[in-house]
Structures are given as structure tokens and as C-alpha cells.
Amino acid sequence: SDKSNVYVNQLKHHIGKEVTLRGWVYNSRASGKIQFVILRDGTGLCQCIVEKASVPEELFDRIKHLGQESSLSLTGVVRADERSVGGHELAVTDAQIIAPAEGYPITPKAHGVDFLMRHRHLHFRSQRQWCIGKVRHTVVDAIRRFFNDNGFTLIDTPIFTTVVGEDQTSLFEVDYFGSPLHLTQTGQLYLESAAMSFGRVYCFGPTFRAEKSKTRRHLTEFWMVEPEVAFIDLPGLLELAENFVSYIVSRVLEDNRSELETLEADIGLLEKIQPPFYRLTYSEAVEILKGPKTVEFMARDLADLQSEKARTEVRIAELEQQQGGQIKQWQKDKIAAELIDLRSALAETETKIENNPKHAQLAAEFAWGKDLGGSDETIISRMHDKPVFVTHYPREAKAFYMKTDRADERVVENFDMLAPAGFGEIIGGSVREDDYDRLLAKIHEQGLSPETYNWYLDLRRYGSVPHGGFGLGVERTLAWITGEKHIRQCIPFPRMMDKVYI
Ligand code: ATP
Ligand code: MG
Ligand code: MG
Ligand code: MG
């Protein structure tokens, strides 16, 4: 009956009782008179044991031939078993096949990224994607909770926009009844007007940028949360940002420990994420990049990569040898799956080895005045075990709305937060230029049209106050926390420059 339907994550309350689980075959193997079906039901995995003696013979045979991802309901008695995935087992007494599946395309054999992206709608069912989805859910919840609990009001900003929030080269233009508009790159300018009404506000939604290069950290559609605060200075913003990121990480540690374990995330590193974070000025960061510390760091990194490469090659050779031996099919499948991971890890290490001298040279030749590039950010962030704020970038490298530092007019009062251990920028923020004349001059300087920004200039005409804010990218944050190598795994349906799959 319906009453005995339970979810896998409720099994601990039903030990010794008969219940029904409904889900999909994640994996199954037969061993003589016993079949092991790993059932996946959206809340977890459970090993279900079907003994030939306990079910009708006809059913036993049908279960035996069920393909991966067939849907079924299994009734049985719950047993606690520490060795089992999820810690429980179901001793099956009855079964109902809902819909058989045959030839499920994603099997434990080599699948390239392209294949998996084309099958994203199915790849979703993988453990890895499931875990990332769960962590994403927590991150989004933590984002809202943090601001709601700290006196911020949620203000939704438009997706069709007239203003250029970031840079003109990455705009997606849309034909809006015959006149051009663009998809939002940031809600910030609109949000500033809301900050003058509510004091502390945030917006949270999708953001669009026509990123024209292939990187592992740029999507063309990504989610960004942006707080904006009236009466705040740069130290105040840094404090807000470090409390915010620490809160997100602590929530994921609290709610998603088992997902982090499955994902092999660096839990030890995450546990250290607490204020205060490191603080560097841009000029200090440039000194580090051009100095002996970076030379030494890159040399050590190269040596580490080479020994990692050697270790991986040894392990691959071992597994290849085992694969040729007399072993069961399921053991072969397991080895095949491990080999896929190892070979892609090896390819990654080789790319890193190849890039090391290039990145070292870029750092050595860094010229004051440029924005930090991806590899520069990676070097700085890998030198730290907690996020690093880099502040006070050169004016020319940054957007028109950032406030010129009155103590050093070559720089602006801004910051980037670089995630530790190599993922680079996860937050960009600044104090906004609040002086009417300076803002107008900058609009001219950057070749923007003053008419378009007339409403924005009004915010400096009528009761201008010091204010600022920042934007945090959800997928970048998620990639950093989960240890994903590529940002495309951190959004359900990724959009990138080279291809939109489904
Ligand atoms: P980058 O220098 O890496 O291109 P940005 O400086 O252009 O980033 P901001 O305009 O400061 O980015 O946006 C705020 C945050 O939004 C970034 O710190 C990052 O977390 C995220 N973000 C920016 N661009 C992208 C993108 N194309 N895909 C995913 N996230 C992004
Ligand atoms: Mg950018
Ligand atoms: Mg940047
Ligand atoms: Mg930025």
C-alpha cells in the first residue's frame, strides 16, 4: 500500500520493517542465486538484494535482465549494513517493474565531454551531477539566507537592459521590437538606485556575457548575486564579503558533507574558510608575480606535476595489466571506469606541465596597469590557503563606475576575491564613484553615451552618498567548493561560447 512507500534517506527509521522503494536501477549484478540491484531514488542509493528463493522465479528472471535505468518498485525488509552504500540494505520480497530501459547510453566506458554534454539530460542521473546539484541548492539557499538575515531587501533587476554594466565587448544584443537592447551583464546600476531607497539591497539572477574565449571559468549564462549598500567603504565591503563567503562554505559543510566526500572535495581546506581573509593591494600582487616567490613557486609546481604524472602512469599500467587478466565482467567495468578518470587526470597534468613555463613567463613580464589575467590569479590564489582580496586596481583596467581613490588617483577603490588553491576570481566589487563630475568625466572617457546614463547620474544629483557592492558568481563558487575542474559541470544546462548542446 501507499503507506509503506519510503525514500532511501528515510530507511534508518524503518530498520527491520517492510517498506517499498521506488526508483531506477543504478547498477546491478547477479551472483548465482542472488541479484544485487543498486536502486537510485533521488534521495540516495540503496543496495537491494533479490534472492531466487524469496521471489517468484519469473520475476527473478525479469529483474536479472533489467537494464541500467529501468524504473521499478521494490518491497522488502530493511537491514542496517555498514558496508552497504548508504548504510542499509533491502532484502527484497516483492518487485514491480514500472518501465524497463534498454541500452542506456551512459555506461561505465569511456565517454568524452562532448558525448556527456549531448546527453546532459541523462548525465544528470550520475552521482557526481547529483552531488553538485545538491551543493548548488545549498549555496543558493545560503546566499538568500545570509542577505535576508542581515537586513537586505531583495530587488529584482531587469534582464533586458539599456546600460553597459561591465564591458562593451561582451554584450549580447537583442532586437527589442526593432531597437537594440542587451541582456544584462550585471544588475548593479539598477541596484544602486534601489540602494538609495532601501539602504541595503541585493539582486540574484542569471547574467549574460558574450565571452569570446574558451576558458574553464567562463560561461555565457551564469548566475550572480549582487549586494549593494549605501554608506559603506572599502574595508566594510571586504568584511561583508568575507563573512558572506564563510557563511556559504559553513552551510555546505553542514548540509552536504557526504556529497563533498563523494566529490572528493578538499574538506580540510574548506574548514579553514573563516574571516579574516588575506588582503593584498594590486601593486603588492604585481610585486609577488614578478618576484622570486613566484619563480620558486612555479619551479616547485613543475616538479610536483612531473612526479604526479609519473605516479599516474604507473597506476594506469597496473590497471591495464589487471584488465587483461582473468576477472569478472563487473570488475572489468570498474577498472574501465577508473582508467577513464586516470587518463583524463593524466591529460590534465600534461597540459599543466606544458603551460607552466608560459604562465611563469606571463607573471615575470607582468606590466603594472593591466588587469590580472586568469593565470596570474591562479598563481596568487594557489599561494594561499584562504581566499585573497586583491584591492586598488589601476583605473584604466576597470569599469567606469568604480570610485577613484582620492589618495592615489591612479587606482580605484575596488577588490577581487580570489578563491584559494587555484580557482581565481569568485567576486568582483567596488566602492562606486559618488561624485557627479568625476562620474560624468569617466562616462566620456570610456566612450559611453551620457544620455543613456542620465538616470544613473541622477543618483549623484539627488543626495549622493558613499556606497558600494559586489557580485559573486554562483558557478565559480561551486566549482571552487566542490573541486570541479570546469565550470560547465556547475550549472544544470551550461551555455558556452563554442556550443550550446541541448
Ligand atoms: P573574469 O575576470 O574572470 O572574467 P570579471 O571580472 O569579468 O571575471 P565581474 O564582472 O567582476 O567578473 O563579475 C563578478 C563575478 O561574476 C566574478 O567574480 C565571477 O565569479 C562571475 N563571473 C564573471 N564572468 C563570468 C562568466 N563568464 N562565467 C561565470 N561566472 C562569471
Ligand atoms: Mg570577465
Ligand atoms: Mg576579473
Ligand atoms: Mg571582476
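Visitor: Which helices and strands each supply at least two residues of the shell around ligand 1?

Guide: A shell may be read by the elements that contribute to it. In this predicted model, β11 (221–230), β15 (424–431), β16 (467–473) and α15 (474–482) each supply at least two residues of the shell around ligand 1. The most comes from β15, which gives 4 residues.

Visitor: How many residues surround ligand 1, and which are the closest?

Guide: Ligand 1 is surrounded by 18 residues. His-218, Phe-222, Gly-428, Gly-471 and Gly-473 are the closest.

Visitor: What is the make-up of this shell by class?

Guide: The shell around ligand 1 holds 7 nonpolar, 7 charged and 4 polar residues. Glycine is counted as polar here.

Visitor: In what order do the strands of the open sheet with β7 stand?

Guide: An open sheet is read from one edge to the other. Here 3 strands follow the order β7-β9-β8, with antiparallel pairing. The edges are β7 (160–161) and β8 (173–176); each has a single partner strand, so one side of each lacks a neighbour in the sheet.

Visitor: How many bridges join β7 and β9, and in which sense do these strands pair?

Guide: Strand β9 (residues 179–183) pairs with β7 over 2 bridges, in the antiparallel sense. For Phe-160, the bridge partner in β9 is Leu-183.

Visitor: Which residues does UniProt list for "coiled-coil region"?

Guide: A record's annotation may be set beside the model. The unreviewed UniProt entry lists residues 253–352 under that name. In the model, the span 253–352 is 79% helix and 4% strand, and its end C-alpha atoms lie 30 Å apart.

Methods: Residues numbered from 1 in each chain as written. Chains lettered and ligands numbered in written order. Predicted model: local features only at pLDDT ≥ 70, side-chain atom pairs only at ≥ 80, totals over all residues. Near = placed C-beta within 6 Å. UniProt positions renumbered as here; feature names shortened; annotations may be inferred. Pairing = 2+ DSSP bridges.
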